[in-house]
Amino acid sequence: MVIDDSKTIRRTAESLLKKEGCTVFTANDGFEALAKIADHEPDIIFVDIMMPRLDGYQTCALIKHNKKFSKVPVIMLSSKDGLFDRARGRIVGSEQYLTKPFTREELLGAIKEHVLNPN
């Protein structure tokens, strides 16, 4: 699942992942995402940090506090590459932090590490 308020980012990530055979669901904010997560039960979630209504940190925290979805890897996406942002992502339970613009290799690397070969 890709959650980002930027249509361009959503389409880019969706296109890259679909070419690799992934089924991709998208949402443009945290509220929309939470409903879709319950419906589709994704294997991994990529979430933008800066979004209206419910930001990426809040969205990640809500996912991680839900017993059913707490084990789903959450990868934070941000145009900011600060230590504080990375630390805050870890605090709310994210597994990884990717800086935008991300590459195909980074997206696929996150899937390999957290879905295909966890631990």
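## A buried histidine and its surroundings in a five-stranded fold

A polar contact of 2.8 Å links the side chain of His114 to that of Gln96. The model in which this pair is found is a predicted one. His114 belongs to helix 5, which spans residues 104–116, and with a relative accessible area of 14% this histidine is buried, because the limit for that class is under 20%. When residues up to four places away in sequence are left out, the residues that His114 touches are Ile44, Pro73, Ile75, Glu95 and Gln96.

The chain as a whole gives the setting for this contact. The protein chain holds five helices and five strands, and read from the N terminus these elements follow the order β-α-β-α-β-α-β-α-β-α. Its radius of gyration is 13 Å, close to the 14 Å that the globule rule gives for 119 residues, so the chain is as compact as a globular protein of that length. Taken along the principal axes, the box filled by the C-alpha atoms is roughly 30 × 30 × 30 Å. Of the 119 residues, 45% count as buried, while the area that the protein chain exposes is about 6,600 Å², with 52% of it supplied by carbon and sulfur atoms. Among contacts between residues at least 6 apart in sequence, 54% join residues that are at least 24 apart.

The five strands form an open sheet in the order 2-1-3-4-5, and their pairing is parallel. Strand 2 (26–27) and strand 5 (96–99) stand at the edges with a single partner strand each, and therefore one side of each has no neighbour in the sheet. Strand 5 begins at residue 96, and Gln96 is the partner of His114 in the polar contact described above. At the other edge, strand 2 runs parallel to strand 1 (residues 2–3) and is joined to it by two bridges; Val2 has Thr26 of strand 2 as its bridge partner.

Lys64 offers a second view of how a helix residue is placed. This lysine lies in helix 3 (residues 56–64) and, at 15% relative accessibility, counts as buried. The side chain of Lys64 reaches the backbone oxygen of Ser70 at 3.1 Å. Apart from neighbours within four places in sequence, Lys64 is in contact with Ser70, Lys71, Val72, Pro73, Val74, Val92, Gly93 and Glu95. Pro73 and Glu95 appear in the contact lists of both Lys64 and His114.

No disulfide is found in a search of the whole structure. Cys22 takes part in none, and the nearest cysteine sulfur, that of Cys60, is 20 Å away; a disulfide would need the two sulfur atoms within 2.5 Å. Cys60 is likewise in no disulfide, with the sulfur of Cys22 as its nearest at 20 Å. Cys22 is partly exposed at a relative accessible area of 26%, whereas Cys60 is buried at 0%.

The table collects the accessibility of the residues discussed.

| Residue | Relative accessible area | Class |
|---|---|---|
| Cys22 | 26% | partly exposed |
| Cys60 | 0% | buried |
| Lys64 | 15% | buried |
| His114 | 14% | buried |

Definitions and conventions
Residues numbered from 1 in each chain as written. Predicted model: local features only at pLDDT ≥ 70, side-chain atom pairs only at ≥ 80, totals over all residues. Heavy atoms only, no water. Pairing = 2+ DSSP bridges. Helix = DSSP H or I, 4+ residues; strand = E, 2+ residues; numbered from the N terminus. Buried < 20%, exposed > 50% of the residue type's maximum accessible area, 1.4 Å probe, protein only. Polar contact = N/O pair within 3.5 Å; in protein donor to acceptor, adjacent residues only side chain to side chain. Contact = heavy atoms within 4.5 Å. Rg over C-alpha atoms; globule rule 2.2 N^0.38 Å. Areas by Shrake-Rupley, 256 points an atom, 1.4 Å probe, with all protein chains shown as cover.
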